[in-house]
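Biologist: I would like a close look at a single part of this model, followed outward into whatever surrounds it. Please take the time to connect the pieces as you go.

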Amino acid sequence: MPICALVASQRTGTHYLKSILSGNPDIMASMEEIFHDAPHTLAEAGNFWEFLLSRCREEPAAWLPGHRKEIFQSYLLHLETEYPGKFVLLDIKYNSMQHANGTWRGLLDPPDLFFMFRDLGVPVLHLRRRNILKMVISRIRADQLAQHVSFEESGAHPLFEVKVPEVLLEMRCGVRDASHVDSLLKSLCQVREVYYEDLWLDHPGGARNEALEQEIQVHLGAAPVPLDPPRTTKQTPEKLAAVISNYDELSAALKATSDAWMLES
């Protein structure tokens, strides 16, 4: 089955990775999150909810939870037909992994989605970030700007203030969530863990790690080719001290911890 998956948290660089992978003519990597429920994504052919709604118009019972696994498998076959000859990359975020389940699940139970991927031999990329602080700040910045992807340099933005206790809590949750997903994915036979920072040889936005880019293409099943520059750009390229008005407060809270390096990395 020419389906592959990218599993990640929000703000880990999925748009960047999909942007460069789209340079491989054998990989269809430009779809938005398949479980996204925003109005602009619901109209897309690759959106799972759009597919489910179309099925429900013909078969109203398809909406019932007991049919979800069958519907999702039909959705995967639909994508194969929609993009013939392509390795279709599914963008799946942590907070939507359970949407393919047919019935209720416990909070810590593995999602049906992962078992389906295992049984179908779907290769999975698990994208993570070492610098959890920058991931959290990126989320805050994106929410404040109401802009989650940047395709061109937008110039300097005004300073913004963060709520330090909330940042620290979100950092802890980010580490916990990534570790939990990692443990779930180990039940799959074709998982490749990739750290966002390793996509460059020196620092994010610097010289690209072309060897890793080739390894990722091979893992997805495609013949590796040199990839074009990304269409997206970093939304917060500045040092954190240059964009956070209460940076000193944040720095003081992290200074004596093992996460202090994230302030300047």
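How do the residues of the lining of the second largest pocket divide into nonpolar, polar and charged?

Modeller: Bearing in mind that this is a predicted model, the lining of the second largest pocket divides into ten nonpolar, nine polar and seven charged residues. The pocket itself has a volume of about 590 Å³, and of the 26 residues that line it, those closest to its centre are Tyr-94, Asn-95, Met-97, Arg-176 and Asp-177. Two helices, helix 6 and helix 7, each supply at least two residues of this lining, and helix 7 gives the most, with eight residues.

Helix 7 is therefore a convenient place to continue, since its eight residues are the largest contribution to the pocket lining. Spanning residues 164-185, helix 7 lies across strand 1 (3-8), strand 4 and strand 5, and its direction is at about 165° to that of strand 4.

The strands that helix 7 crosses lead to the sheet, which is open, has five strands in the order 2-3-1-4-5, and shows parallel pairing. Strand 2 (27-28) and strand 5 (191-195) stand at its edges, each with a single partner strand, so that one side of each is left without a neighbour in the sheet. For strand 5 the pairing with strand 4 (residues 124-128) is in the parallel sense and runs over five bridges; within it, Val-124 has Val-191 of strand 5 as its bridge partner.

Strand 4 and helix 7 also come up when one turns from the pocket to the enclosed space, because strand 4, helix 6 (132-145) and helix 7 are the elements that give two or more residues to the lining of the largest cavity. The structure holds one cavity of 30 Å³ or more, and about 60 Å³ of space lies in the largest cavity. Its lining is formed by Ser-9, Thr-12, Tyr-94, Leu-127, Arg-128, Arg-129, Ile-132, Met-135, Gly-174 and Ala-178, which divide into five nonpolar, three polar and two charged residues. Tyr-94 deserves a second glance here, as a residue that lines the largest cavity and is also among those closest to the centre of the second largest pocket.

Two helix pairs complete the picture. The axes of helix 3 (residues 48-58) and helix 4 (residues 68-82) come within 10 Å and cross at roughly 110°, and these two helices are therefore roughly perpendicular to each other. On the helix 3 side the contact is made by Phe-48, Trp-49, Phe-51, Leu-52 and Arg-55, and on the helix 4 side by Arg-68, Glu-70, Ile-71, Phe-72, Ser-74, Tyr-75 and His-78; by class, this contact has seven nonpolar, two polar and three charged residues.

In the other pair, helix 1 (residues 14-21) and helix 8 (residues 210-220) pack at an angle of about 80° with their axes 11 Å apart, which makes helix 1 roughly perpendicular to helix 8. Here Tyr-16, Leu-17, Ile-20 and Leu-21 of helix 1 meet Glu-213, Ile-216, Gln-217 and Leu-220 of helix 8, and the residues of this contact divide into six nonpolar, one polar and one charged.

Definitions and conventions
Residues numbered from 1 in each chain as written. Predicted model: local features only at pLDDT ≥ 70, side-chain atom pairs only at ≥ 80, totals over all residues. Heavy atoms only, no water. Axes fitted to C-alpha atoms, helices over the stretch in contact; angles between N-to-C directions. Helix = DSSP H or I, 4+ residues; strand = E, 2+ residues; numbered from the N terminus. Parallel < 35°, antiparallel > 145°, perpendicular 65-115°, else oblique. Contact = heavy atoms within 4.5 Å. Nonpolar A, V, L, I, M, F, W, Y, C, P; charged D, E, K, R; others polar. Pairing = 2+ DSSP bridges. 1 Å grid on protein atoms, 1.4 Å probe; cavity = no way out; pocket = protein on both sides within 12 Å on 5 of 7 lines; lining within 4 Å. Points joined across faces, edges and corners; volume = space filled by probe spheres on them.
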